[in-house]
Amino acid sequence: MNIKSFSFDWNDYNGELSSFDRSQIMNIMEDYYNSDLSVAKIRSKYSISSNVRNLAKEFPFVYLEEKCPYDDSNLVKQLTSRTGYSTRIPQCPTCGHKLNSNCNCDGCREERRRIQEQKRELVILTYPTDIDKVKYEDLSSSSKIFLSALLHAGLNEEANKISGETIIENKLSPTNEFDEIILEHLLSKNIILIDPMSPIDAFSADNFPNEYYYFKVNYLVNVEMGSEGMGYLEYPDRTNIIQHHKEECLGMWRQIALYECLEYLVEQMNEARFNFNPQDKTRLVINHLIEEYSIGQIWNLIYGSVNNAAAWYQKSNVTKKHAANSVITTLNNRGDRAKAENWKLKSYRRSYNNKLSQLSMVFFDSILQIGNEGFEKIPSIDLISC
Ligand SMILES: [Zn+2]
Ligand SMILES: [Zn+2]
């Protein structure tokens, strides 16, 4: 190492070697970097106090070409130790700025604040909130029920926004996929809006701020509210819904049934350690079953089909994938068989793992007021009445 080629920052030097003059320090450095003398020998040669534990750390810093972005001072850097395996971080002798990403100097803090502010402005531009409020009377029954469930799942203490994070925590619907369908439905009709004051990291960094995470952003309710306030939206008028929108209610019952069955199927498949991601065929089979069976009965069929496949896998040398694929076919066949042979199919009970979703509670308990029958009876228009 050519010590003389460096330009040292003597002005700010206040290391443990301050009692030596510059030329002595240069000699110490020369011996340290360019001789075979052990550190102990160097210490005794110059009578360096034993308080100096790490010699290399006491050398003056070296000026670099690179300048500080905040005050244009040349950055300085500590020389590495003799063994040289730790790299030193360049820093500014004037303001203390360090050349690493988590520097906490005033300049960097201000810079980060400015970037956050710019991002916030961009979010505010992208997600305006001065959009005409939707009239509650104009909402479909599905929209009213979805909104009610969403408020149950995510309305914050101040009752002014819906927190995306609590949507999953409080289980809006049986599955995340259905949660997203509900949010999309309400967003597309401007019934809810993305809150532009949502945390900045709720927006994807890749396509900022056009993409966001459903369960990280917050939502604002964009419905005209009378004096009743939010409570009105949380508890829709069931009589009106049931009297005029029976078919819509039946559709919702079937949709909830589909997702409750998918939730249970995925859970059973996981328990059997089968890899599984429900596709169109699975939905077709379950939708077909929903015409003949209650959710609880379909759970019974699912339980049997998954366990059959697991037993088959154990006993034969069929591949795991093959066994897993057989589940949906078996499920379909068992459904048909049960009907043809007139099985008395017992309805399963909801287990502790399958917490009831906010949507199921709102729909079965508050709107239809049939409680557990929603789970134990075949979806039917005859059960939808005031
Ligand atoms: Zn600086
Ligand atoms: Zn800095």
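Mentor: Let's start with a rule: a salt bridge is a side-chain nitrogen of Lys or Arg within 4 Å of a carboxyl oxygen of Asp or Glu. And keep in mind that the model is predicted.

Trainee: Okay, what makes R283 and E177 a salt bridge?

Mentor: Set the value against the rule. The closest N and O atoms of R283 and E177 are 3.0 Å apart, and the cut-off is 4 Å, so the pair counts.

Trainee: Where in the chain do R283 and E177 sit?

Mentor: R283 is in helix α10 (residues 280–290) and E177 in helix α6 (residues 176–188). With their positions 106 residues apart in sequence, the pair links distant parts of the chain.

Trainee: Is R283 buried or exposed, and how do you know?

Mentor: Buried means under 20% relative accessible area. R283 has 17%, so it is called buried. Its partner is another story: E177 has 35%, which falls between the 20% and 50% limits, so E177 is partly exposed.

Trainee: How many salt bridges are there by this rule?

Mentor: The count comes to 12.

Trainee: Which residues are linked in a network of salt bridges?

Mentor: E110, R113 and E117. R113 pairs with E110, with 2.8 Å between the closest N and O atoms. R113 also meets E117 at 2.8 Å, N to O. Both distances are within 4 Å, so both contacts pass the rule.

Trainee: Where do those three sit along the chain?

Mentor: In helix α3, on both counts. R113 and E110 are three residues apart there, about one turn of the helix, while E117 and R113 are four residues apart, again about one turn.

Trainee: Why is R113 called partly exposed?

Mentor: Its relative accessible area is 41%, and the partly exposed class lies between 20% and 50%, so that's where R113 goes. E110 lands in that class with 40%, and so does E117 with 41%.

Trainee: On to the metal. What coordinates the zinc ion (ligand 1)?

Mentor: The donors are SG of C68, C92 and C95, plus OD of D71, which is listed twice. Their distances run from 2.2 to 2.7 Å.

Trainee: How do you know these atoms count as donors?

Mentor: A donor has to be an N, O or S atom within 2.8 Å of the metal. The distances go up to 2.7 Å, so the listed atoms qualify. Water is not among the atoms, so sites may look incomplete.

Trainee: How are the donor residues of the zinc ion (ligand 1) spaced in sequence?

Mentor: As C-x2-D-x20-C-x2-C. Within that pattern, D71 and C92 are 21 residues apart and link distant parts of the chain. D71 is in the loop between β1 (62–67) and β2 (74–77), and C92 is in the loop between β2 and α3 (106–126).

Trainee: Why is C92 put in a class of its own next to D71?

Mentor: C92 has 3% relative accessible area, under the 20% limit, so it is buried. D71 has 29%, between the limits, so it is partly exposed.

Trainee: What stands out about the backbone of D72?

Mentor: D72 has a positive phi of about 65° although it is not a glycine. D72 is found in the loop between β1 and β2, and its 51% relative accessible area is over 50%, so it is called exposed.

Trainee: What is the phi of N342?

Mentor: About 55°, positive as well, and N342 is not a glycine either. N342 lies in the loop between α12 and α13 (358–367). At 67%, over the 50% limit, N342 counts as exposed.

Trainee: Which peptide bond is cis, and how do you know?

Mentor: The bond from F208 to P209, with omega near -10°. P209 is in the loop between β4 (192–194) and β5.

Trainee: Last one: what makes up the negative surface patch?

Mentor: D130, D132, E137, D138 and E224. Asp and Glu count as negative, so the sign follows. Patch members need over 30% relative accessible area; E224 has 41%, so it clears that bar. E224 sits in the loop between β5 (218–221) and α7 (230–234).

Notes. Residues are numbered from 1 along each chain as its sequence is written. Chains are lettered from A and ligands numbered from 1 in the order in which they are written. This is a predicted model: local features need pLDDT of at least 70, side-chain atom pairs count only at pLDDT 80 or more; totals for chains, interfaces and linings use all residues. Side-chain values use heavy atoms; hydrogens and water are left out. Patches are made of residues with over 30% relative accessible area and no salt bridge: like charges are joined within 9 Å, nonpolar side chains (Val, Leu, Ile, Met, Phe, Trp, Tyr) within 5 Å. Accessible areas come from the Shrake-Rupley method with a 1.4 Å probe; for residues, only the protein chains shown count as cover. The place of a charge is taken as NZ of Lys, CZ of Arg, CG of Asp or CD of Glu. Helices (H or I, at least four residues) and strands (E, at least two) are DSSP runs, numbered from the N terminus. Buried means under 20% relative accessible area, exposed over 50%, partly exposed in between (1.4 Å probe, protein chains only). Donors are N, O and S atoms within 2.8 Å of the metal (3.2 Å for Na, K and Ca); water is not among the atoms, so sites may look incomplete.
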